[in-house]
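I sat down with the model today and kept notes as I went. Here is what I looked up, in the order I looked it up.

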Amino acid sequence: MGKIGIIGMGHVGSDVAYTLCREKLTNHLVLIDPLKEKVLAEKLELEDSMIGWDYSIKIETQNYASLQDAEIVVISVGSQNIDNENRNSELIDNVKAVRESIPQIVASGFKGIFVVISNPCDVITKLVQEVSGFPYGRVIGTGTLLDSHRLKRVVGQYLEVSPQDVSGYVLGEHGENQFVPWSLVSVREKSMLQEIQLSSDVLYQLKEETRLGGWHIHAGKGWTSYGIASACSRLIQAIQQDENRVYPTSSYDEVEDLYIGWPTIIGRQGVIGRLPLNLLVEEKEAYQASAKEIISVYDRV
């Protein structure tokens with residue numbers, strides 16, 4: 001449990017801060033956002049909330065220099081120019097925010113690990129690595145971790161089982177070109193393809209419901225934040241406790257030269273490695289299509 005910085009205190013950054021405090025995953029927060037009054041308000045409310053938990057941490061605001069000895073910095077900058085059908089709509093504003101903030105973080109002497117939430121996540125994660133010059137393994141995007149949680153919820157509800165009894169991943173782009181490798185999905189140790197054997201139409205329906213999960217939430221309340229805050233906190237815990245645990249994050253694929261969602265071993269040093277997978281031919285093709293889309297968006301940066 002150490003110092004954590006959060007850059008961007010919109011709905012997502014604020015809920016990440018609250019979750020880290022509630023789960024006692026930090027003893028020192030550094031909160032930074034262009035809206036100074038909002039950051040101060042978030043600080044005061046976090047401090048108020050912790051009194052009821054009989055717990056307190058130090059919270060600083062707007063202090064890049066304090067990031068020198070931070071363990072982790074979360075990048076959660078987010079544009080208000082969002083098209084509900086396309087995560088890439090945030091690209092221009094978020095690229096600008098990254099180019100402005102990352103040099104200040106690096107200048108502080110920060111030597112920890114970046115965890116990137118901002119969309120389009122795979123593109124922004126690669127940009128953070130390039131602007132910072134950090135080793136690939138010390139820059140991690142939340143990628144398809146939340147999408148994988150949604151997959152478990154959707155499949156669990158359809159089959160009327162606990163989502164915790166569903167194993168599997170969403171891989172590829174955190175966006176419209178994500179895909180579900182059904183050959184890797186199982187429910188209570190039964191293979192979705194070989195033993196449960198749902199029709200292709202049903203599998204497509206489940207995949208689409210997973211892909212659109214975030215948009216259903218966004219359309220109803222105007223933003224999403226609880227799910228990604230929970231996912232981010234799990235990654236932070238894996239780093240802090242050196243868990244060497246597998247999560248489907250946006251990690252660096254050296255063959256494709258990009259960041260993309262893939263099962264990744266996370267520990268104290270960041271990315272320890274990427275799992276080898278035996279994908280079906282059509283799943284490999286889906287991965288390549290997803291990679292191609294990420295590259296096409298990055299070419300606009």
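**Helix 9 and what follows**

Of the 15 residues of helix 9, 11 are buried, so I take this helix to be largely enclosed by the rest of the structure. I should jot down early that this is a predicted model. The buried set consists of Ile228, Ala229, Ala231, Cys232, Ser233, Leu235, Ile236, Gln237, Ala238, Ile239 and Gln240.

I then checked the length of helix 9, which covers residues 226-240. At 1.5 Å a residue it should span 21 Å, and its end C-alpha atoms are indeed 21 Å apart, so the two agree.

Gln240 in helix 9 caught my eye next. Is Gln240 buried or exposed? Its relative accessible area is 6%, under the 20% cut-off, so Gln240 is buried. Setting aside neighbours within four places in sequence, I found Gln240 in contact with Met1, Gly2, Ile4, Leu25, Glu71, Ile72 and Arg268. I also looked up its separation from Ser118: the two are 122 residues apart along the chain, and their C-alpha atoms are separated by 21 Å.

**Backbone oddities**

A reminder to myself: most residues other than glycine have a negative phi, and most peptide bonds are trans. With that in mind I made a list of backbone angles to revisit.

- Asp242, just after helix 9, takes a positive phi of about 50°.
- Asn244 is not a glycine, yet has a positive phi of about 50°. I found Asn244 in the loop between helix 9 and strand 10, and it is partly exposed at a relative accessible area of 45%.
- Asp257, also a residue other than glycine, has a positive phi near 55°. Asp257 sits in the loop between strand 10 and strand 11, and at 39% relative accessibility it counts as partly exposed.
- Gly109 follows helix 3 and has a positive phi, near 100°.
- The peptide bond from Asn119 to Pro120 is cis, with omega near -10°. Pro120 belongs to the loop between strand 5 and helix 4.

**Strand 10, at Thr249**

Thr249 is part of strand 10, residues 245-253. How accessible is Thr249? I read 0% relative accessibility, so Thr249 counts as buried. Leaving out neighbours within four places in sequence, Thr249 is in contact with Ile140, Gly141, Thr142, Gly143, Leu235, Ile260, Gly261, Trp262, Thr264 and Ile266. Leu235 was already in my notes as one of the buried residues of helix 9.

**The annotated site and its loop**

I turned to the UniProt record, an unreviewed entry, which places the feature "active site" at His174. His174 lies in the loop between strand 7 (166-167) and strand 8 (186-187). With a relative accessible area of 10%, His174 is buried.

Val185 is in the loop between strand 7 and strand 8 too. It is buried, with a relative accessible area of 1%. Which residues does Val185 contact, leaving aside those within four places in sequence? My list reads Leu151, Val166, Ser167, Gly168, Val180, Lys190, Ser191 and Met192. Val185 and Val170 are 15 residues apart in sequence, and C-alpha to C-alpha they are 9.5 Å apart in space.

The unreviewed UniProt entry also carries the annotation "domain: Lactate/malate dehydrogenase C-terminal" over residues 144-294. Over that stretch I noted 46% helix and 20% strand, with the end C-alpha atoms 13 Å apart.

**Helices 7 and 8**

How do helix 7 (residues 200-211) and helix 8 (residues 213-221) pack? Their angle is about 45° and their axes are 4 Å apart. The two helices are therefore oblique to each other. Helix 7 brings Glu209, Thr210 and Arg211 to the contact, and helix 8 brings Gly213, Gly214, Trp215 and His216. I sorted the residues of this contact into one nonpolar, four polar and two charged.

**Helix 3, to finish**

Helix 3 has 17 residues, 91-107, and should span 24 Å at 1.5 Å a residue. Its end C-alpha atoms are 24 Å apart, which agrees. The buried residues here are Leu91, Asn94, Val95, Val98, Ser101, Ile102 and Ile105. I looked up what they pack against: strand 1 (2-7), strand 4 (72-75), strand 5 (113-116), helix 4 (121-132) and helix 10 (281-298).

Terms used. Residues are numbered from 1 along each chain as its sequence is written. This is a predicted model: local features need pLDDT of at least 70, side-chain atom pairs count only at pLDDT 80 or more; totals for chains, interfaces and linings use all residues. Side-chain values use heavy atoms; hydrogens and water are left out. The expected span of a helix is 1.5 Å times one less than its number of residues. Buried means under 20% relative accessible area, exposed over 50%, partly exposed in between (1.4 Å probe, protein chains only). Axes are lines fitted to C-alpha atoms, for helices over the stretch in contact, and angles run from 0 to 180 degrees between N-to-C directions. Angles under 35 degrees count as roughly parallel, over 145 as roughly antiparallel, 65 to 115 as roughly perpendicular and the rest as oblique. Contact means heavy atoms within 4.5 Å. Ala, Val, Leu, Ile, Met, Phe, Trp, Tyr, Cys and Pro count as nonpolar, Asp, Glu, Lys and Arg as charged, and the others, Gly among them, as polar. UniProt positions are given in the numbering used here, feature names are shortened, and annotations may be inferred rather than shown by experiment.
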